[in-house]
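Please open the model in your viewer and keep the sequence beside it. The tour below moves from one selection to the next and says what is to be found at each stop.

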Amino acid sequence: MSAPVAEEGGVLRGRVWKFGHDVDTDVMAPWGVIARPFEERRGHVLKIRPEFAAEVAPGDLIVAGRNWGCGSSREQAPENLALLGVAAVVAESFGRIYFRNAIAQAFPNVACPGIWEATEDGDELELDLATATVSNRRTGAVLVGQPYTSEMLSIIESGGLLEVLRQKVAAGELGDGEPSVPGTPVPPPTSPRSTP
């Protein structure tokens with residue numbers, strides 16, 4: 001999965017689809033269709049708004065209340081949203097596992113307290129990923145969310161955690177320090193990990 005295309009200055013712009021609080025991963029990636037090809041599961045994504053999967057357009061943004069992505073750990077939840085063309089999710093807060101899965105897949109999600117009250121369905125938002133600044137073009141409201149750490153932003157800009165790993169392996173930054181040969185497994189660490 002690749003990072004969304006930002007307009008000039010790294011700012012995403014899109015139409016808002018507004019969802020409520022406590023939207024769980026089960027409605028983003030329903031169990032009964034979770035293993036099917038995307039085109040077969042597409043119509044089941046976020047059926048709490050029946051028109052969403054058919055009408056969402058590439059570059060649209062989701063605005064949500066508290067605890068977006070709570071529930072089961074389903075990598076397909078952020079994946080399905082990205083495959084539908086959603087550019088990012090801006091929410092009051094996120095379920096932790098969902099948020100980690102989204103970063104690992106280079107799918108932007110920004111926590112921004114106050115966003116739910118400051119936005120209506122159909123508004124146009126601008127989202128600066130580097131600063132977590134959200135601007136509502138209809139109302140002029142500007143909110144600042146929680147910016148990504150430099151590591152998280154780097155993962156998103158690189159195209160996801162697997163891409164970061166591929167780059168590190170190719171550069172010889174993992175294993176014994178020797179450049180890797182395609183198909184060669186990365187050797188295990190020389191010392192055991194310490195655990196708390």
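With which residue does Arg-137 form a salt bridge, and how far apart are the closest N and O atoms? Select Arg-137 together with Glu-126: the two form a salt bridge, and their closest N and O atoms are 3.2 Å apart. A salt bridge here is a side-chain nitrogen of Lys or Arg within 4 Å of a carboxyl oxygen of Asp or Glu. Arg-137 lies in the loop between β6 (133-136) and β7 (142-144) and Glu-126 in strand β5, so the pair ties together parts that are 11 residues apart in sequence.

Before going further, note that this is a predicted model, in which local features need pLDDT of at least 70 and side-chain atom pairs count only at pLDDT 80 or more, while totals for chains, interfaces and linings use all residues. Residues are numbered from 1 along each chain as its sequence is written, and side-chain values use heavy atoms, with hydrogens and water left out. Helices (H or I, at least four residues) and strands (E, at least two) are DSSP runs, numbered from the N terminus.

**Around Glu-126**

Keep Glu-126 selected and add Arg-13, whose side chain meets that of Glu-126 in a salt bridge (3.0 Å, N to O). Glu-126 belongs to strand β5 (residues 124-128) and Arg-13 to strand β1 (residues 11-18), so this pair ties together parts that are 113 residues apart in sequence. Arg-137 is partly exposed, with a relative accessible area of 48%, and Arg-13 also counts as partly exposed, at 26% relative accessibility; on this scale buried means under 20% relative accessible area, exposed over 50%, and partly exposed in between (1.4 Å probe, protein chains only). Adding Glu-124 to the selection completes a network of salt bridges that links Arg-13, Glu-124, Glu-126 and Arg-137. The structure as a whole holds 12 salt bridges.

**From Asp-26 to Met-28**

Next select Asp-26 and Arg-74, whose side chains meet in a salt bridge (3.2 Å, N to O). Asp-26 lies in helix α1 and Arg-74 in the loop between β2 and α4, so the pair ties together parts that are 48 residues apart in sequence. Asp-26 counts as partly exposed at 32% relative accessibility, whereas Arg-74 is buried, with a relative accessible area of 12%.

Stay in helix α1 and select Met-28, which counts as buried at 0% relative accessibility. Not counting residues up to four places away in sequence, Met-28 touches several residues, among them Leu-46, Trp-68, Leu-81 and Tyr-98, where contact means heavy atoms within 4.5 Å.

**Strand β3 and its neighbours**

Now move to β3, where both faces are covered: Ala-88 and Val-90 on one side, and Val-89 and Ala-91 on the other, are all buried. Strand β2 (residues 61-64) runs parallel to β3 and is joined to it by four bridges, and two strands are said to pair if DSSP finds at least two bridges between them. The bridge partner of Val-63 in β3 is Val-90, and Val-90 also stands opposite Val-110 in β4. From β3 the chain crosses through α5 to β4, and this β-α-β crossover is right-handed, which means that, with the strands pointing away from the viewer, the path from the first strand over the helix to the second runs clockwise.

**Helices α5 and α6**

Follow that crossover into helix α5 (residues 96-104), where Tyr-98, Asn-101, Ala-102 and Ile-103 are buried. These buried residues pack against α1 (25-28), α4 (76-83), β3 (88-91), β4 (109-111) and α6 (150-158). Just after α5, Ala-106 takes a positive phi of about 65 degrees.

Which residues of α6 are buried? They are Leu-153, Ile-155 and Ile-156. Seen down the axis of α6, its buried residues fall within an arc of 155 degrees, so they line one face of the helix; the arc is that of the directions from the helix axis to the C-beta atoms. On the face turned away from that buried side, look for the exposed residues Ser-150, Glu-151 and Glu-157. The buried residues of α6 pack against α5 and α7 (161-170).
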